[in-house]
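Student: I would like a close look at a single part: the enclosed space inside this model. Please start with what a cavity search returns, and then connect that part to its surroundings.

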Amino acid sequence: MDRLVITGGRRLIGQVSVQGAKNAALPAFAASLLTDKPVLLHRIPAISDVTTMTAMITALGKRVEVLGEGTVRIENGDSLQREAPYELVRRMRASFFVIGPLLARLGEAIVPLPGGCTIGSRPVDLHLQGLQRMGAEIEERQGIIHATAQRLQGRSIYLNYPSVGATENLIMAATLAVEETSIRNPAKEPEVLDLIAMLQKMGAQIELCDQEIRVTGVRELTGVEHEIIPDRIEAGTYLLAGGITRGTVEVKGAIANHLTALISKLQEAGVKLQIKDESITAFSEGCSEAVNIVTMPYPGFPTDLQAPMAAFLTLARGTSMINETVFERRFAYVVELVRLGADIQTIGQRINITGVKRLHGTKVRTPDIRAGAALVLAGLAADGETEIEDASQIDRGYTDIVNKLAALGAQIERREEVCR
Ligand code: EPZ
(Lines give C-alpha, C1' and ligand atoms only; values in the text may rest on other atoms or scores of the structure.)
Protein backbone atom coordinates (compact mmCIF):
# COMPACT_ATOMS: atom_id res chain seq x y z
CA MET A 1 0.00 0.00 0.00
CA ASP A 2 1.27 3.49 -0.88
CA ARG A 3 2.12 6.01 1.78
CA LEU A 4 2.01 9.81 1.62
CA VAL A 5 4.96 11.58 3.24
CA ILE A 6 4.48 15.26 4.06
CA THR A 7 6.98 17.72 5.54
CA GLY A 8 4.71 20.31 7.10
CA GLY A 9 4.98 23.98 8.01
CA ARG A 10 4.70 25.52 4.54
CA ARG A 11 1.99 28.03 3.65
CA LEU A 12 -0.02 26.85 0.65
CA ILE A 13 -0.27 29.53 -1.99
CA GLY A 14 -1.77 29.30 -5.47
CA GLN A 15 -4.68 27.89 -7.47
CA VAL A 16 -6.17 24.43 -7.61
CA SER A 17 -8.92 23.20 -9.95
CA VAL A 18 -11.74 21.16 -8.49
CA GLN A 19 -12.60 17.72 -9.90
CA GLY A 20 -16.05 16.42 -10.82
CA ALA A 21 -18.06 15.30 -7.80
CA LYS A 22 -17.43 11.68 -6.79
CA ASN A 23 -20.90 11.48 -5.26
CA ALA A 24 -22.52 12.72 -8.47
CA ALA A 25 -20.40 10.59 -10.83
CA LEU A 26 -21.21 7.28 -9.09
CA PRO A 27 -25.04 7.56 -9.36
CA ALA A 28 -24.64 8.89 -12.92
CA PHE A 29 -22.90 5.63 -13.87
CA ALA A 30 -25.76 3.69 -12.26
CA ALA A 31 -28.28 5.82 -14.17
CA SER A 32 -26.70 4.72 -17.47
CA LEU A 33 -28.23 1.28 -16.78
CA LEU A 34 -31.67 2.83 -17.29
CA THR A 35 -31.20 3.19 -21.04
CA ASP A 36 -29.95 1.18 -24.00
CA LYS A 37 -28.72 4.32 -25.69
CA PRO A 38 -25.23 5.87 -25.38
CA VAL A 39 -24.46 8.03 -22.34
CA LEU A 40 -21.68 10.63 -22.50
CA LEU A 41 -20.47 11.97 -19.15
CA HIS A 42 -18.07 14.89 -18.69
CA ARG A 43 -15.94 15.93 -15.70
CA ILE A 44 -15.72 12.40 -14.37
CA PRO A 45 -13.01 12.40 -11.66
CA ALA A 46 -9.99 10.09 -12.01
CA ILE A 47 -10.50 8.33 -8.67
CA SER A 48 -10.53 4.66 -7.77
CA ASP A 49 -14.23 4.64 -6.83
CA VAL A 50 -14.98 5.55 -10.46
CA THR A 51 -12.75 2.66 -11.57
CA THR A 52 -14.78 0.36 -9.30
CA MET A 53 -18.09 1.69 -10.64
CA THR A 54 -16.80 1.27 -14.20
CA ALA A 55 -16.05 -2.37 -13.42
CA MET A 56 -19.52 -2.73 -11.91
CA ILE A 57 -21.50 -1.50 -14.91
CA THR A 58 -19.17 -3.39 -17.27
CA ALA A 59 -19.96 -6.58 -15.37
CA LEU A 60 -23.65 -5.72 -15.79
CA GLY A 61 -23.32 -5.53 -19.58
CA LYS A 62 -22.21 -1.99 -20.40
CA ARG A 63 -19.13 -0.99 -22.38
CA VAL A 64 -17.24 1.98 -20.93
CA GLU A 65 -14.82 4.01 -23.04
CA VAL A 66 -12.63 6.69 -21.46
CA LEU A 67 -12.34 9.44 -24.08
CA GLY A 68 -9.74 11.41 -22.11
CA GLU A 69 -9.86 14.45 -19.82
CA GLY A 70 -12.79 13.30 -17.68
CA THR A 71 -15.09 12.29 -20.54
CA VAL A 72 -16.54 8.80 -20.48
CA ARG A 73 -18.82 7.13 -23.06
CA ILE A 74 -21.08 4.33 -21.81
CA GLU A 75 -22.70 2.08 -24.40
CA ASN A 76 -24.39 -1.27 -24.52
CA GLY A 77 -21.99 -4.19 -24.41
CA ASP A 78 -23.71 -7.53 -23.95
CA SER A 79 -27.28 -7.71 -22.68
CA LEU A 80 -28.01 -6.22 -19.30
CA GLN A 81 -27.18 -8.66 -16.48
CA ARG A 82 -29.26 -8.92 -13.30
CA GLU A 83 -26.48 -9.95 -10.90
CA ALA A 84 -23.93 -7.52 -9.38
CA PRO A 85 -20.56 -9.10 -8.49
CA TYR A 86 -20.01 -9.45 -4.73
CA GLU A 87 -16.39 -8.31 -4.70
CA LEU A 88 -17.32 -4.97 -6.28
CA VAL A 89 -20.26 -4.25 -3.97
CA ARG A 90 -18.09 -5.17 -0.98
CA ARG A 91 -15.38 -2.74 -2.14
CA MET A 92 -17.72 0.20 -2.58
CA ARG A 93 -21.10 0.81 -1.02
CA ALA A 94 -22.24 3.09 -3.84
CA SER A 95 -22.46 0.09 -6.14
CA PHE A 96 -25.73 -0.68 -4.32
CA PHE A 97 -27.16 2.13 -6.46
CA VAL A 98 -27.54 -0.43 -9.28
CA ILE A 99 -30.48 -2.24 -7.64
CA GLY A 100 -33.03 0.46 -8.53
CA PRO A 101 -32.09 0.67 -12.22
CA LEU A 102 -31.82 -3.14 -12.63
CA LEU A 103 -35.25 -3.69 -11.06
CA ALA A 104 -36.72 -0.99 -13.26
CA ARG A 105 -35.20 -2.40 -16.48
CA LEU A 106 -35.21 -6.17 -15.89
CA GLY A 107 -37.77 -6.71 -13.14
CA GLU A 108 -35.06 -8.53 -11.24
CA ALA A 109 -31.82 -7.71 -9.39
CA ILE A 110 -29.39 -9.81 -7.38
CA VAL A 111 -27.17 -7.48 -5.37
CA PRO A 112 -25.06 -8.32 -2.31
CA LEU A 113 -25.68 -6.20 0.76
CA PRO A 114 -22.92 -3.58 1.01
CA GLY A 115 -20.83 -4.02 4.12
CA GLY A 116 -20.53 -1.44 6.84
CA CYS A 117 -17.34 0.54 7.08
CA THR A 118 -15.40 2.57 9.61
CA ILE A 119 -18.02 5.34 9.63
CA GLY A 120 -21.01 3.23 10.43
CA SER A 121 -23.13 0.13 9.81
CA ARG A 122 -24.47 1.75 6.62
CA PRO A 123 -27.80 -0.16 6.42
CA VAL A 124 -29.91 -0.08 3.22
CA ASP A 125 -33.30 -0.61 4.85
CA LEU A 126 -34.68 2.66 3.44
CA HIS A 127 -33.68 1.61 -0.10
CA LEU A 128 -35.37 -1.79 0.30
CA GLN A 129 -38.49 -0.52 2.08
CA GLY A 130 -39.01 1.99 -0.75
CA LEU A 131 -38.64 -0.69 -3.43
CA GLN A 132 -41.04 -2.95 -1.54
CA ARG A 133 -43.55 -0.09 -1.41
CA MET A 134 -43.25 0.00 -5.20
CA GLY A 135 -44.17 -3.68 -5.40
CA ALA A 136 -40.78 -5.41 -5.38
CA GLU A 137 -40.43 -8.77 -3.65
CA ILE A 138 -37.26 -8.57 -1.58
CA GLU A 139 -35.53 -11.67 -0.21
CA GLU A 140 -32.18 -11.81 1.58
CA ARG A 141 -30.20 -15.05 1.31
CA GLN A 142 -26.69 -15.22 2.84
CA GLY A 143 -26.22 -11.50 2.63
CA ILE A 144 -27.44 -11.26 -0.96
CA ILE A 145 -30.58 -9.34 -1.90
CA HIS A 146 -32.82 -11.03 -4.49
CA ALA A 147 -35.34 -8.46 -5.69
CA THR A 148 -38.08 -9.13 -8.25
CA ALA A 149 -40.95 -7.04 -9.57
CA GLN A 150 -43.24 -7.66 -12.55
CA ARG A 151 -43.31 -3.92 -13.07
CA LEU A 152 -42.59 -1.37 -10.34
CA GLN A 153 -45.69 0.55 -9.35
CA GLY A 154 -45.63 4.27 -8.53
CA ARG A 155 -46.31 4.84 -4.82
CA SER A 156 -46.04 7.49 -2.12
CA ILE A 157 -42.89 6.78 -0.10
CA TYR A 158 -41.87 8.55 3.10
CA LEU A 159 -38.16 8.33 4.01
CA ASN A 160 -37.64 8.20 7.78
CA TYR A 161 -34.30 9.82 7.12
CA PRO A 162 -33.37 11.93 4.05
CA SER A 163 -30.91 9.27 2.87
CA VAL A 164 -28.88 10.36 -0.19
CA GLY A 165 -28.48 6.84 -1.56
CA ALA A 166 -32.05 5.76 -0.89
CA THR A 167 -33.38 8.93 -2.55
CA GLU A 168 -31.19 8.33 -5.61
CA ASN A 169 -31.97 4.61 -5.88
CA LEU A 170 -35.74 5.22 -5.58
CA ILE A 171 -35.75 8.09 -8.09
CA MET A 172 -33.98 5.87 -10.62
CA ALA A 173 -36.38 2.98 -9.97
CA ALA A 174 -39.40 5.31 -10.28
CA THR A 175 -38.39 6.73 -13.70
CA LEU A 176 -39.65 3.55 -15.42
CA ALA A 177 -42.36 2.56 -12.91
CA VAL A 178 -46.08 2.65 -13.64
CA GLU A 179 -47.70 6.02 -12.80
CA GLU A 180 -46.44 8.45 -10.19
CA THR A 181 -44.04 7.97 -7.27
CA SER A 182 -43.82 10.59 -4.57
CA ILE A 183 -40.70 10.51 -2.38
CA ARG A 184 -41.28 12.55 0.74
CA ASN A 185 -38.56 13.79 3.09
CA PRO A 186 -35.98 13.20 0.30
CA ALA A 187 -32.29 14.11 0.35
CA LYS A 188 -31.64 17.32 -1.58
CA GLU A 189 -27.86 17.32 -1.77
CA PRO A 190 -26.47 18.98 -4.94
CA GLU A 191 -25.44 15.50 -6.12
CA VAL A 192 -29.08 14.33 -5.91
CA LEU A 193 -30.19 17.36 -7.92
CA ASP A 194 -27.44 16.67 -10.47
CA LEU A 195 -28.72 13.11 -10.93
CA ILE A 196 -32.25 14.48 -11.39
CA ALA A 197 -30.98 16.93 -14.03
CA MET A 198 -29.29 14.07 -15.91
CA LEU A 199 -32.40 11.86 -15.72
CA GLN A 200 -34.65 14.70 -16.93
CA LYS A 201 -32.37 15.09 -19.97
CA MET A 202 -32.92 11.33 -20.54
CA GLY A 203 -36.68 11.96 -20.68
CA ALA A 204 -37.56 11.18 -17.07
CA GLN A 205 -40.55 13.10 -15.70
CA ILE A 206 -39.31 14.42 -12.35
CA GLU A 207 -40.72 17.32 -10.38
CA LEU A 208 -38.98 18.90 -7.38
CA CYS A 209 -41.49 20.15 -4.81
CA ASP A 210 -40.75 21.53 -1.37
CA GLN A 211 -40.35 18.39 0.77
CA GLU A 212 -41.14 15.93 -2.01
CA ILE A 213 -39.75 14.59 -5.30
CA ARG A 214 -42.42 13.46 -7.75
CA VAL A 215 -41.54 11.01 -10.53
CA THR A 216 -44.00 9.97 -13.25
CA GLY A 217 -42.89 6.74 -14.90
CA VAL A 218 -42.25 6.57 -18.66
CA ARG A 219 -41.79 3.59 -20.98
CA GLU A 220 -38.11 4.16 -21.69
CA LEU A 221 -35.31 6.68 -21.32
CA THR A 222 -33.05 8.04 -24.05
CA GLY A 223 -29.28 8.53 -24.06
CA VAL A 224 -27.76 11.73 -22.70
CA GLU A 225 -24.71 13.96 -22.60
CA HIS A 226 -24.19 15.32 -19.10
CA GLU A 227 -21.50 17.25 -17.22
CA ILE A 228 -21.10 16.28 -13.58
CA ILE A 229 -21.13 19.10 -11.01
CA PRO A 230 -17.87 20.10 -9.30
CA ASP A 231 -16.95 18.24 -6.11
CA ARG A 232 -17.94 20.45 -3.16
CA ILE A 233 -16.20 18.14 -0.70
CA GLU A 234 -12.88 18.27 -2.55
CA ALA A 235 -13.30 22.05 -2.91
CA GLY A 236 -13.95 22.41 0.83
CA THR A 237 -10.93 20.26 1.62
CA TYR A 238 -8.62 22.60 -0.33
CA LEU A 239 -10.14 25.70 1.25
CA LEU A 240 -9.37 24.13 4.63
CA ALA A 241 -5.83 23.37 3.41
CA GLY A 242 -5.39 27.10 2.76
CA GLY A 243 -6.82 27.88 6.20
CA ILE A 244 -4.78 25.41 8.23
CA THR A 245 -1.47 26.41 6.58
CA ARG A 246 -2.30 30.14 6.86
CA GLY A 247 -1.83 30.43 3.11
CA THR A 248 -3.86 31.69 0.17
CA VAL A 249 -5.61 29.04 -1.91
CA GLU A 250 -7.93 29.74 -4.83
CA VAL A 251 -10.19 26.79 -5.63
CA LYS A 252 -11.21 27.18 -9.26
CA GLY A 253 -14.59 25.73 -10.24
CA ALA A 254 -15.92 25.69 -6.66
CA ILE A 255 -19.64 26.59 -6.44
CA ALA A 256 -20.20 28.80 -3.38
CA ASN A 257 -23.88 27.95 -2.92
CA HIS A 258 -22.95 24.26 -2.55
CA LEU A 259 -20.69 25.23 0.37
CA THR A 260 -22.67 27.79 2.36
CA ALA A 261 -22.28 25.96 5.69
CA LEU A 262 -18.49 25.59 5.35
CA ILE A 263 -18.09 29.16 4.12
CA SER A 264 -19.96 30.60 7.09
CA LYS A 265 -17.99 28.44 9.55
CA LEU A 266 -14.65 29.40 7.99
CA GLN A 267 -15.60 33.09 8.18
CA GLU A 268 -16.70 32.62 11.81
CA ALA A 269 -13.26 31.10 12.47
CA GLY A 270 -11.58 34.17 11.01
CA VAL A 271 -10.57 32.83 7.59
CA LYS A 272 -11.09 35.41 4.86
CA LEU A 273 -12.90 34.22 1.75
CA GLN A 274 -13.15 35.85 -1.65
CA ILE A 275 -16.12 34.45 -3.57
CA LYS A 276 -16.28 34.84 -7.35
CA ASP A 277 -18.52 33.17 -9.95
CA GLU A 278 -15.90 30.61 -10.90
CA SER A 279 -13.81 30.26 -7.75
CA ILE A 280 -13.49 30.68 -4.01
CA THR A 281 -10.25 31.89 -2.40
CA ALA A 282 -9.42 31.22 1.25
CA PHE A 283 -6.67 33.21 2.90
CA SER A 284 -5.67 33.45 6.50
CA GLU A 285 -2.64 35.01 8.12
CA GLY A 286 -3.30 34.66 11.84
CA CYS A 287 -4.51 31.99 14.21
CA SER A 288 -8.14 30.98 13.64
CA GLU A 289 -10.87 30.96 16.28
CA ALA A 290 -12.73 27.93 17.66
CA VAL A 291 -16.22 27.26 16.23
CA ASN A 292 -18.99 24.73 16.91
CA ILE A 293 -20.17 22.35 14.17
CA VAL A 294 -23.23 20.13 13.87
CA THR A 295 -23.28 17.92 10.77
CA MET A 296 -26.68 17.73 9.06
CA PRO A 297 -28.22 16.74 5.73
CA TYR A 298 -27.81 19.44 3.05
CA PRO A 299 -27.75 22.42 3.33
CA GLY A 300 -26.40 21.79 6.83
CA PHE A 301 -22.69 21.27 7.49
CA PRO A 302 -21.71 18.21 5.39
CA THR A 303 -20.63 15.11 7.30
CA ASP A 304 -17.97 14.53 4.60
CA LEU A 305 -16.18 17.71 5.71
CA GLN A 306 -16.45 16.92 9.42
CA ALA A 307 -13.02 15.27 9.69
CA PRO A 308 -11.18 17.86 7.53
CA MET A 309 -12.82 20.64 9.61
CA ALA A 310 -11.74 18.93 12.82
CA ALA A 311 -8.13 18.90 11.57
CA PHE A 312 -8.35 22.62 10.85
CA LEU A 313 -9.76 23.29 14.36
CA THR A 314 -6.90 21.49 16.14
CA LEU A 315 -4.87 24.71 15.77
CA ALA A 316 -7.70 27.18 16.42
CA ARG A 317 -7.68 29.40 19.52
CA GLY A 318 -10.13 28.04 22.10
CA THR A 319 -12.31 24.92 22.27
CA SER A 320 -14.49 23.79 19.37
CA MET A 321 -17.31 21.24 19.57
CA ILE A 322 -18.29 18.97 16.68
CA ASN A 323 -21.52 16.96 16.84
CA GLU A 324 -21.75 14.26 14.14
CA THR A 325 -25.46 13.54 13.63
CA VAL A 326 -25.41 11.75 10.24
CA PHE A 327 -23.22 8.70 10.88
CA GLU A 328 -22.88 6.81 14.13
CA ARG A 329 -19.12 6.22 14.02
CA ARG A 330 -17.29 8.94 12.16
CA PHE A 331 -14.54 9.82 14.65
CA ALA A 332 -12.05 7.01 13.89
CA TYR A 333 -9.54 9.65 12.73
CA VAL A 334 -9.51 11.41 16.14
CA VAL A 335 -6.99 9.03 17.69
CA GLU A 336 -4.67 9.67 14.72
CA LEU A 337 -4.94 13.47 15.11
CA VAL A 338 -4.16 13.04 18.83
CA ARG A 339 -0.99 11.16 17.84
CA LEU A 340 -0.03 14.28 15.87
CA GLY A 341 -0.41 16.32 19.06
CA ALA A 342 -4.04 17.45 18.86
CA ASP A 343 -6.04 17.84 22.08
CA ILE A 344 -9.43 16.16 21.42
CA GLN A 345 -11.94 14.49 23.76
CA THR A 346 -14.57 12.17 22.32
CA ILE A 347 -17.91 12.14 24.18
CA GLY A 348 -20.31 9.85 22.29
CA GLN A 349 -21.42 11.55 19.08
CA ARG A 350 -19.48 14.65 19.99
CA ILE A 351 -15.84 15.74 20.14
CA ASN A 352 -14.33 18.74 21.93
CA ILE A 353 -11.19 20.10 20.25
CA THR A 354 -8.96 22.38 22.33
CA GLY A 355 -6.58 24.27 20.07
CA VAL A 356 -2.86 23.63 20.49
CA LYS A 357 0.08 25.75 19.36
CA ARG A 358 1.66 23.11 17.15
CA LEU A 359 1.21 19.63 15.74
CA HIS A 360 4.16 17.26 15.38
CA GLY A 361 4.60 14.89 12.46
CA THR A 362 4.51 11.14 13.01
CA LYS A 363 3.17 7.96 11.35
CA VAL A 364 -0.62 7.76 11.06
CA ARG A 365 -3.12 5.42 9.42
CA THR A 366 -6.16 6.21 7.26
CA PRO A 367 -9.55 4.80 8.37
CA ASP A 368 -11.52 6.20 5.39
CA ILE A 369 -11.45 8.74 2.55
CA ARG A 370 -12.32 11.87 4.52
CA ALA A 371 -10.32 10.84 7.57
CA GLY A 372 -7.36 10.50 5.23
CA ALA A 373 -7.95 14.01 3.93
CA ALA A 374 -8.04 15.28 7.52
CA LEU A 375 -4.67 13.67 8.23
CA VAL A 376 -3.21 15.24 5.09
CA LEU A 377 -4.38 18.67 6.29
CA ALA A 378 -2.88 18.09 9.74
CA GLY A 379 0.39 16.88 8.16
CA LEU A 380 0.57 20.04 6.05
CA ALA A 381 0.52 22.13 9.23
CA ALA A 382 2.56 19.85 11.51
CA ASP A 383 6.24 20.33 12.31
CA GLY A 384 8.44 17.70 10.74
CA GLU A 385 7.44 14.70 8.72
CA THR A 386 4.03 13.00 8.71
CA GLU A 387 3.69 9.60 7.10
CA ILE A 388 0.16 8.59 6.15
CA GLU A 389 -0.26 4.86 5.55
CA ASP A 390 -2.69 3.35 3.04
CA ALA A 391 -2.97 6.38 0.76
CA SER A 392 -5.24 4.30 -1.52
CA GLN A 393 -8.14 5.22 0.79
CA ILE A 394 -7.57 8.89 -0.09
CA ASP A 395 -7.27 8.08 -3.80
CA ARG A 396 -10.83 6.73 -3.63
CA GLY A 397 -12.14 10.29 -3.44
CA TYR A 398 -9.40 12.74 -4.34
CA THR A 399 -7.90 13.07 -7.84
CA ASP A 400 -4.14 13.53 -7.96
CA ILE A 401 -3.88 14.93 -4.43
CA VAL A 402 -0.06 14.82 -4.33
CA ASN A 403 0.46 16.92 -7.47
CA LYS A 404 -2.35 19.32 -6.57
CA LEU A 405 -0.87 20.00 -3.12
CA ALA A 406 2.71 20.13 -4.43
CA ALA A 407 1.60 22.75 -6.98
CA LEU A 408 0.40 24.82 -4.00
CA GLY A 409 3.83 24.58 -2.41
CA ALA A 410 3.38 21.57 -0.15
CA GLN A 411 6.32 19.26 0.42
CA ILE A 412 4.53 15.94 -0.22
CA GLU A 413 5.40 12.72 -1.98
CA ARG A 414 3.93 9.28 -2.50
CA ARG A 415 6.11 6.34 -1.47
CA GLU A 416 5.28 2.95 -2.89
CA GLU A 417 5.15 0.37 -0.12
CA VAL A 418 8.00 -2.06 -0.75
CA CYS A 419 6.41 -5.52 -0.40
CA ARG A 420 8.62 -7.35 2.10
C1 EPZ B 1 -23.81 9.33 0.62
O2 EPZ B 1 -23.73 8.10 1.31
C3 EPZ B 1 -22.38 9.68 0.23
N4 EPZ B 1 -21.85 8.64 -0.67
C5 EPZ B 1 -21.52 9.77 1.49
O6 EPZ B 1 -20.21 10.16 1.09
C7 EPZ B 1 -22.11 10.86 2.39
O8 EPZ B 1 -21.37 10.92 3.59
C9 EPZ B 1 -23.58 10.53 2.70
O10 EPZ B 1 -24.32 10.37 1.47
C11 EPZ B 1 -24.26 11.62 3.52
O12 EPZ B 1 -24.19 12.83 2.82
C13 EPZ B 1 -22.23 8.65 -1.96
O14 EPZ B 1 -23.03 9.47 -2.40
C15 EPZ B 1 -21.60 7.62 -2.84
P16 EPZ B 1 -27.08 8.23 3.49
P17 EPZ B 1 -25.10 7.29 1.68
O18 EPZ B 1 -27.89 7.13 2.94
O19 EPZ B 1 -26.06 7.42 0.58
C20 EPZ B 1 -28.55 6.04 7.38
C21 EPZ B 1 -17.86 10.06 1.04
O22 EPZ B 1 -16.92 10.13 1.84
N23 EPZ B 1 -29.27 5.15 6.46
O24 EPZ B 1 -27.53 9.64 3.31
O25 EPZ B 1 -24.70 5.94 2.12
C26 EPZ B 1 -27.04 5.84 7.30
O27 EPZ B 1 -26.65 4.74 8.11
C28 EPZ B 1 -19.11 9.27 1.37
O29 EPZ B 1 -17.85 10.61 -0.10
C30 EPZ B 1 -30.14 4.20 6.99
O31 EPZ B 1 -30.31 4.09 8.20
O32 EPZ B 1 -25.59 8.13 2.94
C33 EPZ B 1 -26.50 7.14 7.79
O34 EPZ B 1 -26.48 7.14 9.20
C35 EPZ B 1 -19.09 8.75 2.81
N36 EPZ B 1 -30.79 3.37 6.14
C37 EPZ B 1 -27.52 8.15 7.28
O38 EPZ B 1 -28.71 7.41 6.97
C39 EPZ B 1 -30.63 3.44 4.78
O40 EPZ B 1 -31.26 2.67 4.04
C41 EPZ B 1 -27.08 8.88 6.03
O42 EPZ B 1 -26.82 7.92 5.04
C43 EPZ B 1 -29.74 4.42 4.26
C44 EPZ B 1 -29.08 5.26 5.12
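Tutor: Searching the whole structure turns up one cavity of 30 Å³ or more, where a cavity is a set of points on a 1 Å grid over the protein atoms alone at which a 1.4 Å probe fits but cannot get out. This is a predicted model, in which local features need pLDDT of at least 70 and side-chain atom pairs count only at pLDDT 80 or more, while totals for chains, interfaces and linings use all residues. Residues are numbered from 1 along each chain as its sequence is written, and side-chain values use heavy atoms, with hydrogens and water left out.

The largest cavity holds about 40 Å³ of space (the space filled by probe spheres set on the points, which are joined across faces, edges and corners). Its lining (residues with an atom within 4 Å of a point) consists of Arg232, His258, Leu259, Thr260, Ala261, Leu262, Tyr298, Pro299, Gly300, Pro302 and Leu305. Helix α9 (residues 260–268) gives the largest share of that lining, three residues; helices here are DSSP runs of H or I of at least four residues, strands are E runs of at least two, and both are numbered from the N terminus. Sorted by class, the lining comprises seven nonpolar, three polar and one charged residues, with Ala, Val, Leu, Ile, Met, Phe, Trp, Tyr, Cys and Pro counted as nonpolar, Asp, Glu, Lys and Arg as charged, and the others, Gly among them, as polar.

Two of the lining residues, Tyr298 and Pro299, are joined by a cis peptide bond with omega near 10°. Most peptide bonds are trans. Pro299 itself belongs to the loop between β17 (292–295) and α10 (306–313).

The open spaces can be set beside this enclosed one. The second largest pocket (an open set with protein on both sides within 12 Å along at least five of seven lines) has a volume of about 320 Å³. Of the 18 residues that line this pocket, Ile244, Thr245, Arg246, Leu315 and Ala381 lie nearest its centre, and α8 (232–244) and α12 (369–381) each contribute at least two residues to the lining. The class count for this pocket is seven nonpolar, five polar and six charged residues.

Ala381 also appears in a nonpolar core of 70 residues, together with Val16, Ala373 and Ala391 among others; such a core is a set of buried Ala, Val, Leu, Ile, Met, Phe, Trp, Tyr and Cys residues joined through side-chain atoms within 4.5 Å. That core lies apart from the largest one, which has 73 residues, and in which Phe29, Val98, Ile99, Leu152, Ile171 and Leu199 touch the most other members.

On the question of exposure, His360, in the loop between β20 (350–354) and β21 (363–364), counts as partly exposed because its relative accessibility is 44%, buried being under 20% relative accessible area, exposed over 50% and partly exposed in between, with a 1.4 Å probe and protein chains only. Beyond its neighbours within four places in sequence, His360 is in contact (heavy atoms within 4.5 Å) with Arg339, Leu340, Ala382 and Asp383. His360 and Ala382 are 22 residues apart in sequence, yet their C-alpha atoms are 4.9 Å apart in space.
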